[in-house]
Amino acid sequence: MAAQVVDLLREVARLEAPLEELRALQAALQLVPLSTLREQAAELRLGPLFSLLNGNHREQTTLCVSILERFLQAMEPVYVARNLRDELHRGLSHPDDAVVILTLSQVGRIVENSEAVTEILNNPELLKEIIYCIGAEKLSVAKTAIKSLSRISLTQTGLESLFESSLLDDLKNVMKTSDIVRYRVYELIVEIASVSPESLQYCTNSGLVTQLIKELTGDDVLVRATCIEMVTSLAYTHHGRQYLSQEGIIDQISNIIVGADSDPFSSFYLPGFVKFFGNLAIVDSPQQICERYPVFVEKVFEMAEAQDPTMIGVAVDTLGILGSNVEGKQVLQKTGSRFEHLLKRIGHQAKNASTELKIRCLDAISSLLHLPHDQQTDDLLRMTEFWFSSLTREPLEHFRGISTQPFPELHCAALKVFTAIANQPWAQKLMFNSPGFVEYIVDRSVEHDKASKDAKYELVKALANSKTIAEIFGNQYYLRLRAYLSEGPYFVKSVSTTAVEGAE
């Protein structure tokens, strides 16, 4: 079969419009293992296939792309980088997106190879072509180009190539294509800057980070909304947060939130700004962030108490993030009765809002109530028990009612609430004393789809692995939980049938 492939390749090279031969070659290639093709790589002459890409024939181009993709997979990235330089150049500027994506996929293979990437770094014209792919109409082309450039920038040589040569001018030129393309370049810059303090230094020296910040704090509300997402990504890294703090950018974001009350268009950017502080608090210190920027907590509470479902959703998400660790929980607890009132509102929304908002509320409740065993103190257990009881009257039945609704996402989100509290003794006592609840937990007939079975299994696992469960549930139910756990999430009890002579 490998010999047939080589023969068909020669036949393709001999003809001007070899559609039938291309179809046969494509079919034959599917039957040849990649390992065999690798052994034949030295004999493969792909020039004619690349030449056929220059024609105007749609099917011919599609077939060539499919065939080349298979052949190139069999070739080492170093071989591709050294021997197909011209083909890579032409591929990146090809009018057909499929050809560009094929070429960029090879660039992706090359930049992942420490030996092959040098070939690209020594080829500024090819790097220039990749940069201009960021301006492509097709998003997948731009995303692949961004990924390759980001990978190239992981080395010192790559950073120097991009930021200390004329390629920086090319990067700035491609930004002028449109607003969308400019944001794509910002996305690339933030990806590179997030790698290390050295990478961030190169990016700031280029002036592009400063430009991003200027747009973030400018007057265009839609631009603000887009830029804050990228700045949030930068804030996930320690050196990124340090830079934002030292440059006074976090203070500027806080001041914009302060002024949002008098801005009729603040709803466009406020959700992103609040999310920024929520993420900042959880990767840094909830207490420090909330004490230094009290406007953040105040704004989250205001949004949660508002009538706008969009604002409520963002506030609930942020509360879930903030309360996902003990320090954040304690910050919320210090707000006293206001947070208690908010819990009642979240409990109400979890039952009465739109399906999407219900799920977001349930996820936030799970995050707020979750308390790892090694962090359980009497005070914290009393706090989570109080929070649970503040959500609504008879909260266990409340969430059980939500879990019976015919929507798998809601069912799973409600089970997640039970899982969050399953390792806490007060919750285990509530479950045991609630009529039919333990039976509901071990009943496999309730769940019908994979996600629901997985969610129920996580609940059973959390209960079965708890050190207090045997004492609270008793030996009988404890053994049933252990059996459920050992059988796995998808166990189906076999039903034996006996044939009876004469039965219909």
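Let's begin with one residue in this predicted model: Asp363 has a relative accessibility of 31%, so it counts as partly exposed. Its side chain meets that of Lys416 in a salt bridge, with 3.5 Å from N to O. Find both on the structure and you will see that the pair links distant parts of the chain, since Asp363 sits in helix α26 (residues 355–369) and Lys416 in helix α29 (residues 408–421), 53 residues apart. What about the cover over the other partner? Lys416 is also partly exposed, because its relative accessibility is 43%, and that value falls between the 20% limit for buried and the 50% limit for exposed.

This pair has company, as the count of salt bridges comes to 27. Let's visit another one, between Arg85 and Glu119, where the closest N and O atoms are 3.9 Å apart. Arg85 belongs to helix α7 (residues 85–92) and Glu119 to helix α9 (residues 117–121), so this salt bridge ties together parts that are 34 residues apart in sequence. Is Glu119 buried or exposed? Glu119 is buried, because its relative accessible area is 19% and buried means under 20%. Arg85, at 33% relative accessibility, counts as partly exposed.

A further stop is the salt bridge in which the side chains of Glu112 and Arg151 meet, at 3.3 Å from N to O. Here too the pair links distant parts of the chain: Glu112 is in the loop between α8 (97–111) and α9, while Arg151 is in helix α11 (residues 139–152), 39 residues away. Arg151 has a relative accessibility of 25%, so it counts as partly exposed.

Salt bridges can also share partners. Arg82, Arg85, Glu115 and Glu119 are joined in this way into one network, and you have already met two of its members, Arg85 and Glu119.

Now let's turn from charges to a nonpolar part of the surface. Which residues form a nonpolar patch there? Leu222, Phe265 and Phe268 do, and together they have about 330 Å² of accessible area. To locate one of them, look for Phe265 in the loop between α19 (249–259) and α20 (270–283). Phe265 has a relative accessible area of 48%, so it is partly exposed. That value also explains why Phe265 can belong to a patch, because patch residues need over 30% relative accessible area.

Next come the open spaces. Rolling a probe the size of a water molecule over the atoms shows where empty space is left. The largest pocket has a volume of about 290 Å³. It is lined by 13 residues, and those nearest its centre are Val442, Arg444, Tyr484, Glu487 and Phe491. Which helix gives the largest share of this lining? Helix α34 (residues 475–487) does, with four residues. The lining holds seven nonpolar and six charged residues, but no polar ones.

Our last stop is the second largest pocket, with about 200 Å³ of space. Among the residues lining it are His238, Arg241, Gln242, Leu280, Asp284 and Tyr293. Helices α18 (238–246) and α21 (286–292) each supply at least two of the lining residues, and α18 gives the largest share, four residues. In this pocket the lining divides into four nonpolar, four polar and three charged residues. Put the linings side by side: polar residues are absent from that of the largest pocket, whereas four belong to that of the second largest.

Key
Residues are numbered from 1 along each chain as its sequence is written. This is a predicted model: local features need pLDDT of at least 70, side-chain atom pairs count only at pLDDT 80 or more; totals for chains, interfaces and linings use all residues. Side-chain values use heavy atoms; hydrogens and water are left out. On a 1 Å grid over the protein atoms alone, a cavity is a set of points where a 1.4 Å probe fits but cannot get out, and a pocket is an open set with protein on both sides within 12 Å along at least five of seven lines; lining residues have an atom within 4 Å of a point. Grid points are joined across faces, edges and corners, and a volume is the space filled by probe spheres set on the points. Ala, Val, Leu, Ile, Met, Phe, Trp, Tyr, Cys and Pro count as nonpolar, Asp, Glu, Lys and Arg as charged, and the others, Gly among them, as polar. Patches are made of residues with over 30% relative accessible area and no salt bridge: like charges are joined within 9 Å, nonpolar side chains (Val, Leu, Ile, Met, Phe, Trp, Tyr) within 5 Å. Accessible areas come from the Shrake-Rupley method with a 1.4 Å probe; for residues, only the protein chains shown count as cover. A salt bridge is a side-chain nitrogen of Lys or Arg within 4 Å of a carboxyl oxygen of Asp or Glu. Buried means under 20% relative accessible area, exposed over 50%, partly exposed in between (1.4 Å probe, protein chains only).
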